[in-house]
Amino acid sequence: MKLAIHKRPGSFSDRWIEYCKLHSIDYKLVNCYADDIIEQVKDCDGLMWHWHHADPKAILFARQLTLSLEKSGKKVFPNSDTSWHFDDKVGQKYLLEAMEAPIVKSHVFYSKKDAVSWVSNTSFPIVFKLRGGAGSINVRLVKSKAQADRLIRRSFSRGFPAIDRYSMFKDRLYHLKRDRDLAALFGVCKGFARLFVKTSIEKESHREKGYVYFQEFLPKNDFDTRVIIIGERAFAVRRYVRTGDFRASGSGVKGYERELFDLELIRESFDLSKKLNTQSLALDFIYDTEGEMYIVEISYGFVTGPFYDDCPGHWNSDLEWIPGNFKAQYFMMEDFITSIKQASH
Ligand SMILES: Nc1ncnc2c1ncn2[C@@H]1O[C@H](COP(=O)(O)OP(=O)(O)O)[C@@H](O)[C@H]1O
Ligand SMILES: [Mg+2]
């Protein structure tokens, strides 16, 4: 057995490679962006590539490469079931509705007329989102019909940059207020400079337009709950909202105590991961005013490092608690290797 790994420092690949070395797994490093990538993985059983939602190049072809390799009998992490809806809230709306999963009521319109007509009959506030983006940067509260109309007009004209310098700058300011340290100050200075200079990522990324996406606003959520399922294992993090804001993701303020998490939520998450057949599934939940939990969005990727490494334990699929720190990327490796062995039997 041999694995192909695309190395991207700071991503899951750091630990995948570490795992291969620790367990003497044969692997080679490949470059997914190269023209001959199919040739490069010919002598391997599977490809592992932690591609990032904010990489406009990966967005152009990661899903196509994945499905093509799958058609030739190779295993891929993330596979199509795991990744096709990644960073695509529009795709997730259809998927979760079709699965009858409890998604926060979400609406998508492909014409100005339909959007304006829906907005005329809705009550405010509502939440406006672009289909992609993370850390809350493309999520806004819409307080009035006039504001919604402005967003609709823009959605069907010049659109929005997929990566927004101004929101990123506001996010850096938030981190400075929260941390009051030199690193955060440096971040703000960099963000300020970026207001005037486009990065290559921004130059290459597409604009979001031709649709508009609104979600019902669920008020009084001081936190969201993220549950991550990797095969038969679950772990969870509570993320508190930024002060004076309704948005939790990207705030960096978190809690891990086992008591914070309802086992029913863990069970539901396992069920959905089984139905969707995912290798890695992160589900973000918030409450409605009756105390029912709803899914805000799902994704396969999450940050590598202390944020999740500090989880004090995880649950197995019998909902038993297994205390102790773990590396989620090792779980991915264990399952990936098992899937290759099973396929070759
Ligand atoms: N419909 C909603 N009602 C209330 N809060 C929401 C709603 N949607 C998102 N949020 C809050 O905003 C945060 C970011 O939204 P999310 O859709 O997860 O975007 P991102 O992809 O940027 O994480 C969530 O973590 C949650 O705290
Ligand atoms: Mg989120």
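**Exercise 1. In which loop is the place of Pro 125?**

Solution. Start with the ground rules: this is a predicted model, in which local features need pLDDT of at least 70, side-chain atom pairs count only at pLDDT 80 or more, and totals for chains, interfaces and linings use all residues. Residues are numbered from 1 along each chain as its sequence is written, chains are lettered from A and ligands numbered from 1 in the order in which they are written, and side-chain values use heavy atoms, with hydrogens and water left out.

Now find Pro 125 in the loop between α6 (112–120) and β6 (126–129). Helices (H or I, at least four residues) and strands (E, at least two) are DSSP runs, numbered from the N terminus. Next, look at the bond between Phe 124 and Pro 125: this peptide bond is cis, with omega about 0°. A cis peptide bond also joins Phe 77 and Pro 78, with omega about -10°. Pro 78 belongs to the loop between β4 (75–77) and α4 (80–83).

**Exercise 2. Ser 24 has a positive phi; is Ser 24 buried or exposed?**

Solution. Step one is the backbone: phi of Ser 24 is about 50°, although Ser 24 is not a glycine. Step two is the place, a loop between α1 (13–22) and β2 (27–30). Step three is accessibility: Ser 24 has 68% and therefore counts as exposed. Here buried means under 20% relative accessible area, exposed over 50%, and partly exposed in between (1.4 Å probe, protein chains only).

Try Ser 136 in the same way. Its phi is positive too, about 70°, and Ser 136 sits in the loop between β6 and β7 (139–142). At 8% relative accessibility, Ser 136 counts as buried.

**Exercise 3. Which protein donors does the magnesium ion (ligand 2) have?**

Solution. Look for N, O and S atoms within 2.8 Å of the metal (3.2 Å for Na, K and Ca); water is not among the atoms, so sites may look incomplete. You will find Asp 284 (OD) and Glu 297 (OE), 2.0 to 2.5 Å from the ion. Asp 284 lies in strand β14 (residues 281–287) and Glu 297 in strand β15 (residues 293–299), so the pair ties together parts 13 residues apart in sequence. Finally, check burial: Asp 284 counts as buried at 2% relative accessibility, and Glu 297 counts as buried at 13%.
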